[in-house]
Amino acid sequence: MEQHLGSVCECILSLSTNDKRLNLRALASARSLIINSSTSDSTISALFETLTRFLQLTTEPRALHHTLKLLSDIAFHHSRLSGLVFHSVRSHLLRSDSTRLSAESLAVLSSIAEHDRSLASAMDDLDDRFFVSLCFGPSVSVRSWFLSNAFRFPIRPYVLLTVMLGFTKDPYPYVRRVALDGLVGLSKSSVIEDCGVIEGCYCRAVELLGDAEDSVRCAAVHAVSEWGKMLVASVQEMNKRYWSDAVFVRLCSMVRDMSMEVRVAAFDALGKIGVVSEDILLQTLSKRVLGITKEKKPLGQCSAKRKSLGQYIPKHFDIQACVAAGAFVHGLEDEFYEVRWSACHSLHTLTILSAKFAGEALNLLMDVLNDDSLNVRLRALETMHHMATCDHLKVQETHMHMFLGTLVDNSTFIRSTARKILRLMKLHDLKMFQSSIDGLLENLEVYPQDEADIFSVLFDIGRNHGNFVVCIIKKFSQEIEPSCEGRLDFDSVRVAALLVLAISAPLSEAQKVCSIPSRIFSYAVTLLGRISHALKDVMNQNTLLAYLSHCSKSTIVDNSESFFPMIEGDIPNCSCIDMISPAGMSLQQGASENENQKRLEPRKSATPLLDCQLEVHSEVAKSIKLILLKINDIWFLVQKGCMAEVLRMLRSFREELATYMSDSLVSADTLAFTFQYLRVVKLLAKVWEHFLPPRKTQSYRIGELNLLLGKLDRNLKEMRYRFRGLSKEEELHVLELILVTCILRLSKVEICCHNATLKKLSMIISHAEFLHKEGSIEPYNFVVELKKSLGEIDTYNDGASCRPFLLKRLLESFSLKQFRLSGSPKHIKAEIDLPGNDTEPLPFISGLPVGIPLEITLYNVSSENRLWLRMIVHEQLMEFVFLDLNQSGGCDEVRKFTFMAPFYRTPKAMSLTLRVCIGMECLFEDVNLITDCGGPTRELVYICQEKEVYLGMIAKT
Amino acid sequence: MAIECLVLGAGQEVGKSCAVVTINGKRIMFDCGMHMGYLDHRRFPDFSLISKSADFNTAIDCIVITHFHLDHVGALPYFTEVCGYSGPIYMTYPTKALSPLMLEDYRKVMVDRRGEQELFSNDDIMKCMKKVIAVDLKQTVQVDKDLQIRAYYAGHVLGAAMFYAKVGDAAMVYTGDYNMTPDRHLGAAQIDRLQLDLLITESTYATTVRDSKYAREREFLKAVHKCVADGGKVLIPTFALGRAQELCILLDNYWERMNLKVPIYFSAGLTIQANMYYKMLISWTNQRVKETYATHNAFDFKNVRSFDRSLINAPGPCVLFATPGMISGGFSLEVFKLWAPSEMNLVTLPGYCLAGTIGHKLTTGKPTKIDLDKDIQISVRCQIHQLSFSPHTDAKGIMDLVKFLSPKHVILVHGEKPKMASLKGKIESDLGIQCYYPANNDTVCIPSTCWLKADTSKTFIRSSLNPNFKFVKTISEDKLNLVSKETEDTSVLQVHDERVAEGILIVEKSKKAKVVHQNELLLMIGKDKHDVQFAYCCPVQIGNLERTKGMDFALSKNVVSTSDECSWLHLLFAKLSTKLGGNIQDFGQHLQVDSIYISVCLKDICPYRTTDGPQKESAVFFCCTWSVADVNLAWEIISIMENLDLSII
């Protein structure tokens with residue numbers, strides 16, 4: 001092949017001189033040479049030379065096109081030449097006078113630059129005028145290509161905006177569409193702040209809502225939504241409501257478009273609008289024009305002038321609220337499930353805005369439960385669930401038939417979502433309660449596989465509606481009581497379900513004196529295993545037994561006895577009052593307190609709209625809570641060994657949380673804690689994988705496990721010590737994880753350093769015991785088991801003979817509990833800074849001590865914490881300095897001070913780098929750190945990023 | 001050019017739809033229906049109005065039928081076979097398939113049962129159908145050189161279509177009956193955004209705004225479910241086509257989801273045959289049916305079995321669809337007689353029931369006994385559920401369609417007069433579109449679009465290829481209303497593309513119109529370019545001389561010396577630039593703002609000077625010239641100058 005090189009090159013060159021026809025054969029062989037990885041470098045270089053020369057010589061557009069293609073192939077397959085290719089194409093580009101070829105060269109350049117970052121700066125040399133001139137040429141394809149790729153080039157946003165805005169007038173619909181897309185892209189870059197420009201863009205997008213082309217209208221809807229948002233943000237406070245209503249109504253006018261894509265886009269956009277007047281919202285649920293919108297006409301006068309297509313509309317904003325009439329009615333009965341889904345989805349966000357709207361929307365949503373499409377039904381249920389969590393779900397009797405119908409739906413998802421809603425639902429009268437119970441019982445009969453969840457739901461709704469339970473149980477008592485032959489009919493699921501319902505009654509706050517016959521509790525004891533399995537989220541078997549036996553003696557239960565932790569966040573009216581401290585009322589409080597606070601406050605449904613900040617905050621809190629809840633589910637996957645899935649989920653959680661990072665409203669500390677927890681779970685999952693029965697011929701390096709365990713240890717330690725204000729439950733949770741890690745360490749013969757681990761084990765257990773006692777918290781199963789077998793483990797502490805079975809059993813008894821973040825932990829962290837050091841090293845004289853002026857900021861460090869400054873040159877050259885907080889001033893939340901850190905043993909060197917870090921002594925860790933010169937006595941946990949300090953010897957002059 | 005619309009039927013009434021439209025010399029008949037309420041000559045449209053000589057083949061270019069309902073197709077065999085029309089007839093495939101069934105059914109009822117004189121025979125129907133050309137949705141049919149028609153999906157019934165017709169530049173749409181919301185088996189009407197001169201739309205529910213259909217479906221399902229759960233039997237009397245399939249899909253889905261095992265029966269006959277048609281014509285159904293079609297044909301009802309007479313008295317619950325609707329006789333009456341006496345059973349009546357039928361009696365009031373005839377009396381103890389589903393769009397749907405299409409004119413047909421009047425008012429006031437609702441045999445004339453073809457010059461084409469946009473700030477009225485009290489900038493940025501503005505349309509006698517670029521115009525007509533220049537000699541006060549005496553430059557009493565000329569100009573420049581900002585430039589001999597030149601006027605008598613101005617002693621004169629573009633600015637500057645006093649520093 002390569003022998004032909006000469007002829008190939010000749011052929012190519014000949015093109016430029018005499019022969020006008022393209023020698024495609026030569027080009028094809030050139031290309032095959034380029035993409036063949038075994039072609040020698042010299043050949044490629046020769047080809048490159050030829051092509052470059054050719055590029056300079058020829059003017060024939062078709063030949064140039066192919067040459068550019070070949071050159072870009074060279075750049076991609078032989079990265080060492082990419083720089084050269086880049087420059088030769090670039091010089092050609094500057095000479096070229098054909099727009100089409102310029103565009104092609106630019107495409108080649110930008111794709112090379114995107115691969116090779118070092119060349120990106122060379123792109124910056126091309127000025128805006130050059131880029132923009134491309135799309136002012138007559139070639140439409142270049143124009144649309146350029147507009148859709150404009151963001152790849154370094155063009156100033158305002159220039160880009162002008163170009164995009166101008167081309168929305170283009171006669172070619174495709175160009176208009178791309179220009180609108182470009183405007184949407186620009187709106188996200190948030191550099192445009194000029195009010196007039198924003199308004200201009202918005203108006204232009206509004207004009208294009210009437211375009212004849214479907215795709216343009218679709219893009220216009222996106223643009224109206226985005227620029228409308230910016231417009232609302234840019235106007236003065238008093239006009240915000242007006243504009244956001246105007247944008248909303250504008251979008252509503254598009255929901256009756258004939259194109260499905262436009263309708264979907266319109267509904268998606270509706271859901272993104274954060275503030276809308278209640279009367280307009282209500283209008284969207286009624287096809288008839290409501291009096292309220294008729295009279296007030298909040299959006300301009302009723303003077304719609306004739307607007308024929310394409311005609312310039314001077315009055316952009318004369319739009320009436322009645323345009324919004326029935327938008328959601330239409331959306332929910334649309335022919336396309338995509339539209340119905342999208343309509344349900346936007347209701348999801350809009351129902352937060354107004355309780356009245358939510359109530360009306362529910363009438364429609366209930367009907368959607370009869371939809372053909374499973375996706376839409378599920379979406380509707382999820383929207384209802386969301387409404388329930390916002391306490392906006394007001395279910396009426398007329399809804400019950402439809403709603404309870406979903407309990408016997410074919411789909412598992414539908415059933416379980418319906419039950420989730422039922423858990424939160426407030427049932428106002430006995431009839432509704434009765435029908436709900438009947439629905440659940442029917443669900444149980446038809447789908448026995450749902451038993452556990454149904455029991456748990458029964459228990460929850462029973463707990464919320466104690467009075468009704470008593471009535472119902474009276475009615476059913478015949479069924480529950482043993483039949484006349486003295487035979488208990490307890491194997492019937494129905495009876496079991498009724499028993500679960502019955503035993504929930506004494507826990508109801510409404511039912512202080514419970515009139516459930518005490519023998520029913522004794523009956524329930526016979527089904528202990530089954531019931532406790534179903535209620536495992538609420539209590540364990542022992543607690544249940546204790547509770548049942550207590551109740552079978554007397555049915556008066558004082559809530560303060562607190563048999564069970566309430567499931568906060570899932571029951572709207574549970575009695576969590578005692579968990580709320582007065583301090584918990586501030587906005588910056590943590591997740592659950594906020595939840596509770598929200599429930600206790602009477603909802604001001606009339607004015608819920610303008611400040612959504614609280615909502616946003618609780619959104620984050622909710623999201624964190626949800627993630628914690630989901631992590632619980634993950635454990636199941638871990639045990640199954642679906643590691644890829646687990647890691648993917650954890651990653652997605654992390655990404656989700658990361659989106660809140662910029663949000664100043666969220667307590668960064670809570671987020672940090674959640675991140676830490678996610679890290680721990682990830683490591684634990686990774687470690688756990690090593691203990692699963694090997695699936696295939698997997699091989700792990702021993703070092704890897706050791707490394708992972710080390711990481712896990714460190715992260716757990718950070719979790720334990722770097723957060724202040726953890727509740728006892730939370731601390732116990734962390735302790736349990738540490739215990740598991742110890743057991744894991746012990747289980748691998750090749751790893752364990754028995755004595756240290758055992759010592760740690762017993763220490764943690766005793767600490768846990770202390771916490772249990774102090775907080776009167778029921779210890780976890782795992783901890784109980786571990787305590788029992790601790791003695792056994794200990795006796796075999798000579799290493800090799802440690803009982804593998806015992807440990808295995810212990811590990812089996814462990815399962816990840818749901819982490820309930822009740823308060824807001826304070827993240828202990830620190831920052832070190834040494835301004836100016838990057839450019840100018842600190843002077844020092846070797847052998848003499850040097851003082852390093854560090855600017856230290858400490859967050860949430862109390863004066864009891866013992867902090868150490870660690871300074872390392874290399875492993876052998878390490879010094880610790882104690883940071884005396886009493887001299888630093890400031891409060892516990894933030895302390896900021898400058899500390900002159902002395903470093904004594906400066907080595908003989910011209911310059912050196914000192915790595916400085918702050919560590920905190922772990923209170924409960926053992927003393928096993930041996931330092932020679934008065935360093936810390938306990939293990940340290942490092943609370944800041946390591947900072948590099950540069951020192952330079954003072955030059956002798 | 002004008003479009004003429006002659007309404008032969010369904011003008012201010014419902015029944016015998018027929019409209020003859022003449023566009024640019026082409027005549028199209030839309031629908032050819034019969035009125036079911038009359039038995040005399042009023043049953044058919046008055047075809048004589050189309051052509052006095054009864055030569056329909058030359059009078060009419062084609063017939064378009066929108067769907068198979070008799071009030072839209074009923075008179076077709078009569079018109080073709082009896083009146084003798086033999087031109088092309090267009091309808092969709094399903095309409096072509098189902099129309100003969102409907103026509104034959106009607107003919108049989110009329111002739112066999114009621115013993116009336118036959119208006120057309122079975123043969124006529126078959127012959128007529130042979131002339132029909134079937135079209136597909138969105139298929140553009142070139143009827144002849146100038147006339148195109150295209151069908152769009154209309155919902156309503158299987159195969160219903162709206163028709164678009166275009167002759168030359170004039171275009172219109174005739175909707176027939178349509179539905180803007182989908183139901184369980186048919187989709188919603190769907191049409192492109194077209195440039196229309198005329199829209200002829202039905203207006204059956206011109207004032208009704210219907211709520212979501214879901215609520216009624218829910219009530220229906222609840223009633224049926226409750227009845228069968230309690231062991232009762234449900235009778236649903238329906239017509240064979242349409243409603244039966246819709247309800248059946250609804251029930252079949254519900255059965256599926258709820259795991260119900262109660263049998264659903266179809267009484268044999270037309271329904272089974274109709275189901276077959278539905279199964280074949282899947283592409284005319286709604287999106288869901290189409291989507292799931294590959295895995296499961298929605299008309300293959302899973303829970304439906306065919307009914308056997310012996311099952312009428314079989315124990316246990318069941319659901320039965322029986323023809324005809326309204327329980328006007330036949331099988332549904334037979335079953336009703338047997339099932340009505342039990343209170344466990346349910347009769348569901350979908351849709352409207354004609355007065356006089358048992359269905360009507362059941363829905364009005366709660367009769368306990370119904371006299372079938374003199375001898376037979378049925379005691380009615382069963383539950384009655386009425387269901388009102390309509391396949392017609394409601395007022396909001398009509399408005400939505402009109403708004404979406406934005407035609408220049410609307411004609412309402414197929415509705416009741418007072419309601420049409422109200423809808424007309426709404427269309428005119430809300431959408432600003434002219435609207436008519438002619439009575440039968442009336443003609444409406446509307447102007448139509450006429451496009452003129454023009455040549456273009458190459459320069460114009462070239463300039464049109466390159467974008468040439470400008471940004472202009474204009475004041476938006478609405479915003480003005482809102483923030484009128486604020487003093488902030490209330491202009492809105494707008495984009496203009498100047499390409500069209502640069503073209504000039506030239507229409508010369510006996511020549512084709514031509515568009516040229518503005519630069520070419522002079523060349524073409526062989527004339528020189530003229531600029532209009534304005535001039536005004538403006539006096540500027542210099543106060544009394546005593547006050548200026550102290551100045552450096554000497555002033556002779558009457559003449560301003562040439563050397564001072566510049567000084568005055570400088571002085572004026574200084575004054576003006578404080579007022580105008582940096583726009584003004586000083587060129588020594590003159591000042592310039594855009595095209596405005598200002599120089600000192602030394603003439604005693606200047607043609608641009610007004611005589612009633614101040615005397616020379618107290619003023620310096622400045623000659624100002626400017627071109628048209630800066631008229632406003634120029635007068636603004638002049639008014640500033642006139643109010644100046646150069647002597648005050």
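This passage describes the nonpolar cores, the internal cavities and one helix of a predicted model. Local features were taken only at pLDDT of at least 70 and side-chain atom pairs only at pLDDT 80 or more, whereas totals for chains, interfaces and linings use all residues. Side-chain values rest on heavy atoms, with hydrogens and water left out, and residues are numbered from 1 along each chain.

The largest nonpolar core, a set of buried (under 20% relative accessible area, 1.4 Å probe, protein chains only) Ala, Val, Leu, Ile, Met, Phe, Trp, Tyr and Cys residues joined through side-chain atoms within 4.5 Å, has 192 residues, of which A:W227, A:M384 and A:F403 touch the most other members. Helix α13 of chain A (residues 214-234), a DSSP run of H or I with at least four residues, supplies the largest share of this core, 11 residues. Beyond its neighbours within four places in sequence, A:M384 is in contact (heavy atoms within 4.5 Å) with residues including A:L362, A:L369, A:F403 and A:I421. A second, separate core comprises 75 residues, among them B:Y278 and B:L431.

Six cavities of 30 Å³ or more are present, each a set of points on a 1 Å grid over the protein atoms alone where a 1.4 Å probe fits but cannot get out. The largest has a volume of about 180 Å³, and 14 residues, with an atom within 4 Å of a point, line this cavity. By class, two of the lining residues are nonpolar, one is polar and 11 are charged (Asp, Glu, Lys or Arg).

In helix α9 of chain A (residues 140-149), the buried residues include A:V142, A:F146 and A:L147; the buried residues of this helix pack against elements of chain A together with α14 (458-465) of chain B.

How values were computed: Chains lettered and ligands numbered in written order. Buried < 20%, exposed > 50% of the residue type's maximum accessible area, 1.4 Å probe, protein only. Helix = DSSP H or I, 4+ residues; strand = E, 2+ residues; numbered from the N terminus. 1 Å grid on protein atoms, 1.4 Å probe; cavity = no way out; pocket = protein on both sides within 12 Å on 5 of 7 lines; lining within 4 Å. Points joined across faces, edges and corners; volume = space filled by probe spheres on them.
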